[in-house]
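User: Please take a close look at the sheet in this model. I would like to know how its strands are arranged, what packs on them and which charged side chains tie the surrounding parts together.

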Amino acid sequence: MSIRHVVSWKLASSDAAVRAEQAAEVARRLNALDGVVPQLRSISAGANMAYPDANWDVTLVADFDSIEALEHYQVHPAHEEVVAYVRSVVGSRVAVDFEV
């Protein structure tokens, strides 16, 4: 069993250009965790590129060997640093964790 962790964010800024810049930065910071957080089997984050009025601004898809590995990722210092930035720009968040 492995766990797929999917998170999407809507950013707080009402300015579309600012949201696009921030979404790109969120994705960049998340993707930089590859090879840094040992529990990550794979990670892919990206800023939305279509239908900005309907879609969320940025999404993360990450795979882990277990719930325990996901929990270790959550408290890893490099992840916590990214979370601090994300919280500074986010308006809302949705997440789903499922078996793959």
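Analyst: What follows covers the sheet, then the helices on it, then the salt bridges, and last some residues outside the strands. The model is predicted, and the values below are computed from it.

The sheet is open and has four strands in the order E2-E3-E1-E4, with antiparallel pairing. At its edges are strand E2, residues 42–47, and strand E4, each of which pairs on one side only. Averaged over the sheet and with direction ignored, neighbouring strands are turned by 10° against each other. Strands E2 and E3 (residues 58–64) run antiparallel and are joined by six bridges. Within this pair, Ile 43 has Ala 62 in E3 as its bridge partner.

Two helices can be described against this sheet. Helix H1, residues 16–31, packs on the sheet and touches strand E1 (3–11), E2 and E3. The direction of H1 makes about 170° with that of E2. Helix H2, residues 67–75, lies across E1, E2, E3 and E4. H2 runs at about 40° to E1.

Turning to charges, the whole structure contains five salt bridges. One of them is formed by the side chains of Arg 4 and Asp 63, at 2.7 Å from N to O. Arg 4 sits in strand E1 and Asp 63 in strand E3, so this pair links distant parts of the chain, 59 residues apart. Asp 63 is classed as buried because its relative accessible area is 11%, under the 20% cut-off. Arg 4, at 28%, is partly exposed.

A salt bridge also connects helix H1 to a loop. The side chains of Arg 19 and Asp 57 meet at 3.5 Å, N to O. Arg 19 belongs to H1, while Asp 57 is in the loop between E2 and E3, 38 residues apart. Arg 19 counts as buried because its relative accessibility is 15%. Asp 57 counts as buried too, at 11%.

Another salt bridge joins two loops: Asp 65 and Arg 41 meet through their side chains at 3.2 Å, N to O. Asp 65 is in the loop between E3 and H2, and Arg 41 is in the loop between H1 and E2, with 24 residues separating them in sequence. Arg 41 is partly exposed, with a relative accessible area of 49%, and Asp 65 is partly exposed at 47%. Elsewhere, Glu 25, Arg 28 and Arg 29 are joined into one network by salt bridges that share partners.

The loop between E2 and E3 also holds Tyr 51. Tyr 51 has a positive phi of about 50° although it is not a glycine. Most residues other than glycine have a negative phi. Tyr 51 is classed as exposed because its relative accessible area is 63%.

At edge strand E4 (90–99), the segment that follows contains Val 100. Val 100, together with Val 96 and Phe 98, makes a nonpolar surface patch of about 240 Å². Val 100 itself counts as partly exposed, at 45% relative accessibility.

One residue in a further helix completes the picture. Ala 84 lies in helix H3, residues 77–89, and is partly exposed with a relative accessible area of 49%. Between Ala 84 and Ala 50 the C-alpha to C-alpha distance is 26 Å, with their positions 34 residues apart in sequence.

Note on methods
Residues numbered from 1 in each chain as written. Predicted model: local features only at pLDDT ≥ 70, side-chain atom pairs only at ≥ 80, totals over all residues. Heavy atoms only, no water. Patch = residues over 30% accessible without salt bridge, like charges linked within 9 Å, V, L, I, M, F, W, Y side chains within 5 Å. Areas by Shrake-Rupley, 256 points an atom, 1.4 Å probe, with all protein chains shown as cover. Salt bridge = Lys/Arg side-chain N within 4 Å of Asp/Glu carboxyl O. Buried < 20%, exposed > 50% of the residue type's maximum accessible area, 1.4 Å probe, protein only. Pairing = 2+ DSSP bridges. Axes fitted to C-alpha atoms, helices over the stretch in contact; angles between N-to-C directions. Contact = heavy atoms within 4.5 Å.
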